[in-house]
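Let's take a walk through this one together. Keep the sequence beside you and turn the picture as we go.

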Amino acid sequence: MDRLLDLTTILSILLMIWVLGSVRRRHIRVEYSVSWLAACFILLALSRWRSGLEWFAEAAGVRDGPLALLLLAAFVFLAVFYRFSLIISEMKDSNIALTQRVAILEFQLNSREREAEAAREGR
Amino acid sequence: MILIPAYNEEAAIGHVVDEVHRALPGVPVLVVDDCSEDGTRTVAQLAGAEVLGLPHHLGLGGCVQAGYRLAFEMGFDYVIRLDGDGQHDPRHVPEILEVLKTTGCEMVIGSRFLNGDAKATTVARGLGVRFFRAVLRPILGQPVHDPTSGYVGVNRRALAVFSRTFPLEYPEIEALVVLQRRAFRFREVPVSSRPRKAGRSSITAWKSLYYIIHVLLGVFVNILKIDQRKRRQ
């Protein structure tokens, strides 16, 4: 149990450093790093707060502390993935609307250019 | 306006546009090129169509919606959509337009199965069509013989809705539900269908399964979404 908690602490810190490094190198935007950092922080806190973890294991009816930790980790990361699914869906909608708008503007611009050219030739 | 969504239809699109011009002289034809990798755009332009070229591939729903948006902004009252692969005979367009105008229905579907003279191209597709007929019957409150038909005419009211909200993948069935939930009406008119002029359908067995799940989910979500809006109002 102790070894698992230590391992979780180390992995949480490593993930946190990795995410912060990515933010610094601008590979991840700050607003999208918040979910990852929050997830890391929760896991870090739980891995160091043994009584809290035991309380959760008992409340959830899970006999093993490690299993409770895994359950929590899975839930935390599922929440992060869900948040990113929302963001991706919103971005896809925006991309579609933008693509359609660019195409329509280009169409209108070409039509105006053709009309202007026809008017010049007619003069 | 005649709206033709097209993706990699270089071999067929010129013939389709020609055919539309011959059947309906003077009617504007808009080809929406969904960022094809071949010469679809050039061939359509050479055939005399206006081309709305999308800078990125959006899929059928996004492509059709772009055309609806442009048609709405240009002030068209009726838009009839044909496929770019030559399966739809444009000689049925006047019938569809006539029904749109005389009945006041928001949508008219060119149905391959209304008179029972056409058969689905594969057994799986035939089963799929029957399945969706059964699912849609209680939702729409009237039978629909060809819910997957892409040969569709809409009036300005439907155009206003579709230019704002239109299903992105496999749009035909969901579009019917979108209209029905707004108390819009639709009718079917019989049309004949022909084999594709060129190319192959991209729908495989796995894609068919995905199609069924995706469309069922889309229909369900649309029902929930609109019912929720009604309750709030």
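Before anything else, a word on "buried": a residue earns that label if 20 or more other C-beta atoms lie within 10 Å of its own. Keep in mind, too, that what you're looking at is a predicted model.

With that in hand, start at helix α4 of chain B, which covers residues 93–103. Three of its residues, B:V93, B:I96 and B:L100, are buried. Do they line one face of the helix? Looking down the axis of α4(B), you'd find the buried residues within an arc of 70°, so they do line one face. The general rule behind this is that an α-helix has 3.6 residues a turn, so residues three or four places apart point the same way. What does that face of α4(B) pack against? Its buried residues meet a whole list of chain B elements: the strands β1 (2–6), β4 (78–81), β5 (107–111), β6 (152–155) and β7 (186–190), plus helix α1 (10–23). Once α4(B) ends, the chain goes straight into B:G104, which has a positive phi of about 75°.

Now zoom out to chain B as a whole. It has 8 helices and 7 strands, and 44% of its 233 residues count as buried. If you take the contacts in chain B between residues at least 6 apart in sequence, 74% of them join residues at least 24 apart.

Next, the inside. The largest nonpolar core holds 62 residues, and those with the most contacts inside it are B:I2, B:L30, B:V31, B:V32 and B:M107. Helix α3 of chain B (residues 60–73) gives this core its largest share, 7 residues. Have a closer look at B:I2: leaving out residues up to four places away in sequence, it touches B:V20, B:L24, B:V27, B:V29, B:L30, B:I80, B:L82 and B:V93. You've met B:V93 already, as one of the buried residues of α4(B).

B:L30, B:V31 and B:V32 lead us to strand β2 of chain B. How many of the residues of β2(B) are buried? The count is 5 of its 5 residues, and both faces of the strand are covered. B:V29, B:V31 and B:D33 are on one side, while B:L30 and B:V32 are on the other. The strand runs parallel to β1(B), and 5 bridges join the two. One pairing to find on screen is B:L3, which stands opposite B:L30.

Follow the chain out of β2(B) and you come to B:C35, in the loop between β2 (29–33) and α2 (40–46). Its phi is near 60°, a positive value in a residue that isn't glycine. As background, most residues other than glycine have a negative phi. Is B:C35 buried, exposed or something in between? It has 17 other C-beta atoms within 10 Å, so it counts as partly exposed.

Something similar turns up further along. Helix α7 of chain B (residues 171–181) is mostly covered, with 10 of its 11 residues buried. Among them are B:I173, B:L176 and B:V177, and also B:E172, B:E174 and B:Q180. Just after α7(B) comes B:A183, with a positive phi of about 60° even though it is not a glycine. This residue lies in the loop between α7 and β7, and it counts as exposed because it has 7 C-beta neighbours inside 10 Å.

Finally, on to chain A. Here there are 4 helices and 0 strands, in the order α-α-α-α along the sequence. A compact globule of 123 residues would have a radius of gyration near 14 Å, but chain A has 26 Å. Its C-alpha atoms fill a box of roughly 90 × 30 × 15 Å along the principal axes. Buried residues make up 15% of chain A. Of its contacts with a separation of 6 or more, 56% are between residues 24 or more positions apart.

And where the chains meet? In all, 8 residues of chain A are in contact with 13 residues of chain B. On the chain A side, those residues split into 5 nonpolar, 2 polar and 1 charged.

Methods: Residues numbered from 1 in each chain as written. Chains lettered and ligands numbered in written order. Predicted model: local features only at pLDDT ≥ 70, side-chain atom pairs only at ≥ 80, totals over all residues. Buried ≥ 20, exposed ≤ 12 C-beta atoms within 10 Å, placed from the backbone. Contact = placed C-beta atoms within 7 Å. Nonpolar A, V, L, I, M, F, W, Y, C, P; charged D, E, K, R; others polar. Arc of directions from axis to C-beta. Core = buried A, V, L, I, M, F, W, Y, C linked by C-beta atoms within 7 Å. Rg over C-alpha atoms; globule rule 2.2 N^0.38 Å. Pairing = 2+ DSSP bridges.
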